[in-house]
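Please open the structure in your viewer and keep the selection panel at hand, since each stop on this tour begins with something to select.

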Protein chains: 2
Amino acid sequence: MLEPAEEAAGMDGLEDGGESAQNWKLTLAYDGTDFHGWQLQPEKATVQGELAAAIERVTGERVLPQGSGRTDAGVHALGQVASFAMHAPIPPANLARALNRTLPAAIRILQAEHAPAEFHARHSAVAKTYTYRLFRRDVCPPFLARYVCAVHGALDVDAMRSAAAAVLGEHDFSSFAATDPDRAQRIAQQEANNVRCITRSEWDEPESGLLVYTVSGSGFLHHMVRNLVGTFLEVGRGQRSPQGTAELLRIRNRSAAGATAPARGLFLHSVTYLE
Amino acid sequence: MLEPAEEAAGMDGLEDGGESAQNWKLTLAYDGTDFHGWQLQPEKATVQGELAAAIERVTGERVLPQGSGRTDAGVHALGQVASFAMHAPIPPANLARALNRTLPAAIRILQAEHAPAEFHARHSAVAKTYTYRLFRRDVCPPFLARYVCAVHGALDVDAMRSAAAAVLGEHDFSSFAATDPDRAQRIAQQEANNVRCITRSEWDEPESGLLVYTVSGSGFLHHMVRNLVGTFLEVGRGQRSPQGTAELLRIRNRSAAGATAPARGLFLHSVTYLE
């Protein structure tokens with residue numbers, strides 16, 4: 001389905017006199033600290049808005065790049081993917097270089113490539129991986145403060161690993177989904193489906209003082225990774241048992257699980273597509 | 001000599017009824033990106049201003065912490081040192097912890113300690129070390145962009161090393177000093193002394209893509225490190241010969257040397273005091 005902005009720009013390849021648009025795939029990294037999230041908003045700096053403006057400056061075409069998913073304000077990306085169609089016949093490496101010259105340094109295009117016409121960054125994604133970084137030493141260096149959640153006090157990492165393993169597989173993650181104002185209505189309409197399949201869920205200590213959660217899955221509900229991390233932290237502090245995690249999934253009630261961990265520790269690591 | 005703010009707060013230990021003030025030494029790190037430099041300025045966020053405000057919130061005392069030197073807007077510190085005197089009888093570890101709770105995350109107290117009455121962060125310093133970080137790969141990760149200067153194209157690192165070695169020892173660094181509006185007057189008053197002694201000046205590649213200049217010396221003129229780096233970069237690009245560096249020192253003319261490298265790559269690494 002075409003986005004309104006694409007339609008306005010004649011991006012469908014049918015209504016523009018036969019000249020067909022090229023579909024593009026961009027892979028990008030960003031520091032989300034100073035953006036109001038991914039999604040375009042009037043009068044606010046957002047990653048999607050900066051990207052659309054940069055594409056227009058470089059090619060003269062107005063398109064709305066579609067992300068693999070929205071990231072919230074303060075959430076970072078190492079490998080976000082965006083897709084859009086446009087007519088400008090620019091070689092991929094040149095587009096990447098030209099966009100990086102005009103984008104803020106907090107957003108970098110890692111790769112620009114042609115994509116098949118049916119490719120869509122969100123609809124074509126088959127899996128995503130997120131990481132969440134906890135910093136455990138007393139004083140968090142100012143150069144890390146934007147990219148970690150600093151935690152104090154002892155943590156039982158084995159218990160956190162055990163709780164993380166309990167969410168592997170296919171489950172209804174309603175207990176870990178942000179409260180959605182439209183949810184009651186959606187449930188009434190039988191549209192709510194909070195079942196997701198998690199294929200990786202583990203805690204690692206890549207270096208002293210840093211504790212990193214990595215989670216891969218078929219898809220993620222709003223705030224799901226941050227709610228999982230907040231719950232695992234309560235397990236690490238001894239406020240919950242790791243064995244209780246399965247029960248949390250079963251009862252499908254957001255108020256049963258832990259607090260939402262802060263945005264700044266979260267990175268969209270990568271998005272997976274079928275070749 | 002007392003600063004005005006210290007005088008106003010009765011910090012001299014004589015005019016306050018005999019209760020003598022304790023002298024303090026703070027070691028701190030900061031991300032300078034979002035500050036208008038070290039020095040207190042009305043209506044602007046500065047590191048000295050944030051620190052003074054935090055000390056007042058914690059202890060109720062108004063003091064003006066003296067830095068080992070000013071850092072410009074955008075320059076970072078791994079080990080800046082500040083000194084001040086105050087009456088609050090707070091244990092050093094508690095002061096550090098309390099300040100870190102109230103300071104922005106971009107400023108962290110690494111150590112707070114009592115200091116002898118005669119200690120002054122600037123006057124007592126015997127040497128300083130700065131580092132400057134160049135990033136050489138095509139695309140600079142957004143998470144590094146605040147902390148490096150990204151450079152493109154080939155660099156002759158051996159030539160840069162040779163030029164860096166040429167500034168070792170005692171020299172007049174006028175060619176590398178920022179133009180000072182008061183300088184003509186100071187020269188007339190025979191107060192200008194741009195002679196400094198450099199004891200370390202070298203380029204290293206601690207990891208692929210990162211090129212780091214480290215310089216230690218008895219003291220540094222305004223913009224001196226950034227002007228040295230800008231000049232060494234021109235040597236690396238083949239725009240100057242490394243052999244020309246000695247001549248640059250000899251002619252003592254700012255316009256003969258290279259451009260000023262951007263603030264964001266520069267870190268005040270550490271300040272040395274006699275025990």
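Where in chain B is Thr71(B) found? Select this residue in the predicted model, and you will see that Thr71(B) sits in the loop that runs between β2 (66-67) and β3 (76-86) of chain B. With a relative accessibility of 6%, Thr71(B) counts as buried, because the cut-off for that class is under 20% relative accessible area. Next, show the side chain of Tyr30(B), which makes a polar contact with the side chain of Thr71(B) at 2.8 Å. If you then leave out residues up to four places away in sequence, the residues that Thr71(B) touches are Tyr30(B), Gly37(B), Trp38(B), Gln80(B) and Leu268(B).

Now turn to chain A and colour by secondary structure, where 7 helices and 10 strands are assigned. Chain A has 275 residues, of which 51% count as buried, and its accessible surface comes to about 12900 Å², with 49% of that belonging to carbon and sulfur atoms. Displaying the contacts between residues at least 6 apart in sequence is also instructive, as 72% of these in chain A join residues at least 24 apart.

The next selection is the interface between the two chains. The size of an interface is often given as the accessible area lost when the parts come together. Here, about 1300 Å² is buried between chain B and chain A, and carbon and sulfur atoms give 75% of this area. On the side of chain B, select Val139(B), Pro142(B) and Phe143(B), the residues that lose the most area to chain A, together 45% of what that side buries. In terms of contacts, 22 residues of chain B meet 22 residues of chain A. What is the count of residue pairs in polar contact between chain B and chain A, taking pairs with both residues at pLDDT 80 or more? That count is 0, and the rule for salt bridges likewise finds 0 across this interface. To place the contacting side on the fold, highlight β1 (22-30), β3 and β4 (107-115) of chain B, each of which supplies at least two of its residues, with β4(B) giving the largest share, 4 residues. Coloured by class, the side of chain B that touches chain A shows 16 nonpolar, 2 polar and 4 charged residues.

From here, move to the salt bridges, of which a search of the whole structure finds 20 over all chains. Begin with helix α4 (residues 157-165) of chain B, where Arg161(B) and Asp158(B) lie 3 residues apart, about one turn of the helix, and where their side chains meet in a salt bridge (3.9 Å, N to O). Arg161(B) is partly exposed at 35% relative accessible area, whereas Asp158(B), at 55%, counts as exposed.

Then select Asp172(B) and Arg252(B), whose closest N and O atoms are 3.6 Å apart in a salt bridge. This pair links distant parts of the chain, 80 residues apart, with Asp172(B) in strand β7 (residues 169-172) and Arg252(B) in the loop between α7 (244-251) and β10 (266-273) of chain B. Is Asp172(B) buried or exposed? At 19% relative accessibility Asp172(B) counts as buried, while Arg252(B) is exposed at 52%.

Finish in helix α7 of chain B, which holds both Glu247(B) and Arg250(B), 3 residues apart. Their salt bridge brings the closest N and O atoms to 2.8 Å, with Glu247(B) partly exposed at 37% relative accessibility and Arg250(B) exposed at 56%.

Definitions and conventions
Residues numbered from 1 in each chain as written. Chains lettered and ligands numbered in written order. Predicted model: local features only at pLDDT ≥ 70, side-chain atom pairs only at ≥ 80, totals over all residues. Heavy atoms only, no water. Buried < 20%, exposed > 50% of the residue type's maximum accessible area, 1.4 Å probe, protein only. Contact = heavy atoms within 4.5 Å. Areas by Shrake-Rupley, 256 points an atom, 1.4 Å probe, with all protein chains shown as cover. Polar contact = N/O pair within 3.5 Å; in protein donor to acceptor, adjacent residues only side chain to side chain. Buried area = accessible area lost by both parts, 1.4 Å probe. Salt bridge = Lys/Arg side-chain N within 4 Å of Asp/Glu carboxyl O. Nonpolar A, V, L, I, M, F, W, Y, C, P; charged D, E, K, R; others polar.
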